[in-house]
Structures are given as structure tokens and as C-alpha cells.
Amino acid sequence: MAELLAEAKYYCISELATPCEQALMKKEREAEPICRVPLITSQKEEQLLINSTAKPVVKLLINRHNNKYSYTSTSDDNLLKNIELFDKLSLRFSGRVLFIKDVIGSSEICCWSYYGHGKKVAEVCCTSIVYATDKKHTKVEFPEARIYEEALNILLYENRNGPDQELMQATSTRGAVAGMSSYTSDEEEERERLGLARLRSLVN
């Protein structure tokens, strides 16, 4: 349409240029968003979304309103980090993965779920109960490496009957640094750090 408008203006055909401009303006107003993230309103809707798409699915459940126990000092910050990573992954892989967000309430507070071919294949729960001297507290964590790992693994369900185990190993935090060097058990933390850096590079 833009090319046709340019031609109409070049040859001074106002009868054609005007409707072309109107059509382009209408198209801009009705432009489809590049990234859509459905908010689940019921479990029935969730199952319908998961079963009706050919894409792998990543769901983030967020329920900050669960205040059964007070939160630890780092929980709010980690909750935001989980949400920010979800948004980042949504923008990066929206064309290949269906991202959905669950905010309707649950006993869980922050949990990632991964679905392939309509079935749950992995889950990363980010909350736990910790015991202080006087009372229990809810702790929200940000297991970034696990989230990246499972997000990359779920991509293996694209156009496949099942995941490729060798590729799953390659996207794991251990597999991401495999073959680089031989590490002792004392260097496990360094291996995890290198693996996380490798996973980040695959996503960015």
C-alpha cells in the first residue's frame, strides 16, 4: 500500500493517493501488537489456551496477595526479578512460545510452568517457607539459571514429536559449560556461573 501511495503521488494521481493514505492510517490504528500475553481468568481458560496452540507454553503464576506468612526482606525484589525476566522472555520468544500469566490466585506465590504438546513437562517453584526464631516467613527466590534452562528446553518441543535429549543436555547449566574444562567438586559454583552466562548469551 505504501508503494502504491508513492506511485500515486509521483504521478500526481490524487484520486488514488487519498484513499491510499486513508487505508494506511486505518491500518496503523488497527495494528496488531507484536507481543501478546494472555491473563488467565479461570483454569478452564488456561487448559483451553494450552491445548489449542501448537506452540510450547510458558506460564508464570504470580500471587503476591498470599499473605499467610510475612515475606523475607529479599522476597519483593526477587518477585520483581521473576516478572521482569518473564517480560524479557515474552518479548524475545513471543513468535515461538505462548506466554501466559496467571494472577487469579492460588496457594502458590511465584511459580513457572512449562508445557509441550499440551502437557506440563517442567516446573520451577520460586517460594519456600523458612523458619525464624519467632515465626514462619515466606521466601521468594529467583532461580535464574533454572528458569533460563527450562525456557530453552521448552523450545525443543517446537515442530517435534518429543524433545531431543542431546539438545536438552546442551541447554542445561551443566551442559552449557561441558567440554570447556575439567572441574573439581570445589568449583561447582564457578561451573554454575559460567553455565548461566552461556544461557544468557543464548537468550539475548
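**Strands, cores and a cavity, set against their definitions**

Tutor: Strand β3 runs parallel to strand β8 (residues 136-140), and two bridges join them. The model is predicted, with local features needing pLDDT of at least 70 and side-chain atom pairs 80 or more, while totals for chains, interfaces and linings use all residues. Residues are numbered from 1 along each chain as its sequence is written, and side-chain values use heavy atoms, with hydrogens and water left out.

Student: What makes β3 and β8 a pair?

Tutor: Two strands pair if DSSP finds at least two bridges between them. β3 and β8 have two bridges, so the condition is met. In one of these contacts of the sheet, Ser 70 has His 137 of β8 as its bridge partner.

Student: Why are β3 and β7 called edge strands?

Tutor: The open sheet has three strands in the order β3-β8-β7, with mixed pairing. β3 (70-71) and β7 (127-131) each have a single partner strand, so one side of each has no neighbour in the sheet.

Student: How many strands form the other open sheet, and in what order?

Tutor: Five strands form it, in the order β1-β4-β2-β5-β6, again with mixed pairing. Its edge strands are β1 (39-40) and β6, each pairing on one side only. The protein chain has seven helices and eight strands, where a helix is a DSSP run of H or I with at least four residues and a strand is a run of E with at least two, numbered from the N terminus.

Student: How do you know that β5 and β6 pair?

Tutor: Six bridges join β5 and β6 in the antiparallel sense, so the requirement for pairing is satisfied. Trp 112 stands opposite Val 124 in β6, and Cys 111 stands opposite Cys 125 in β6. The hairpin of β5 and β6 has two residues between the strands, and His 117 there takes a positive phi near 55°.

Student: Why is Ile 62 called buried?

Tutor: Buried means a relative accessible area under 20%, exposed means over 50%, and partly exposed lies in between (1.4 Å probe, protein chains only). Ile 62 has 12%, so Ile 62 counts as buried. This residue is found in strand β2 and touches Leu 79, Ile 83, Asp 102, Val 103, Ile 109 and Cys 110, leaving out residues up to four places away in sequence; a contact means heavy atoms within 4.5 Å. Ile 62 and Trp 112 are 50 residues apart in sequence and 9.0 Å apart in space, C-alpha to C-alpha.

Student: Are Asn 78 and Ser 94 buried or exposed?

Tutor: Asn 78, in helix α4 (residues 75-93), has a relative accessible area of 13% and is therefore buried. Not counting residues up to four places away, Asn 78 touches Val 140, Glu 141 and Phe 142. Ser 94 lies in the loop between α4 and β4 (98-102) and, at 16%, also counts as buried. Of the 204 residues of the protein chain, 35% count as buried.

Student: What makes a group of residues a nonpolar core, and which residues have the most contacts inside the largest one?

Tutor: A nonpolar core is a set of buried Ala, Val, Leu, Ile, Met, Phe, Trp, Tyr and Cys residues joined through side-chain atoms within 4.5 Å. The largest has 26 residues, and Leu 89, Trp 112 and Tyr 114 have the most contacts inside it. The elements giving two or more residues to this core are β2 (57-62), α4, β5 (110-116), β6 (119-125) and α5 (144-154). Another core, of six residues, lies apart from it and includes Ile 50, Val 57, Leu 98 and Tyr 115.

Student: Why is the enclosed space called a cavity, and what volume does the largest have?

Tutor: On a 1 Å grid over the protein atoms alone, a cavity is a set of points where a 1.4 Å probe fits but cannot get out, and lining residues have an atom within 4 Å of a point. One cavity of 30 Å³ or more is counted, and the largest has a volume of about 30 Å³, the volume being the space filled by probe spheres set on points joined across faces, edges and corners. Its lining consists of Val 58, Phe 93, Val 97, Phe 99, Ala 151, Ile 154 and Leu 155.

Student: What makes this lining nonpolar?

Tutor: Ala, Val, Leu, Ile, Met, Phe, Trp, Tyr, Cys and Pro count as nonpolar, Asp, Glu, Lys and Arg as charged, and the others, Gly among them, as polar. The lining of the largest cavity therefore has seven nonpolar, no polar and no charged residues.

Key
1 Å grid on protein atoms, 1.4 Å probe; cavity = no way out; pocket = protein on both sides within 12 Å on 5 of 7 lines; lining within 4 Å.
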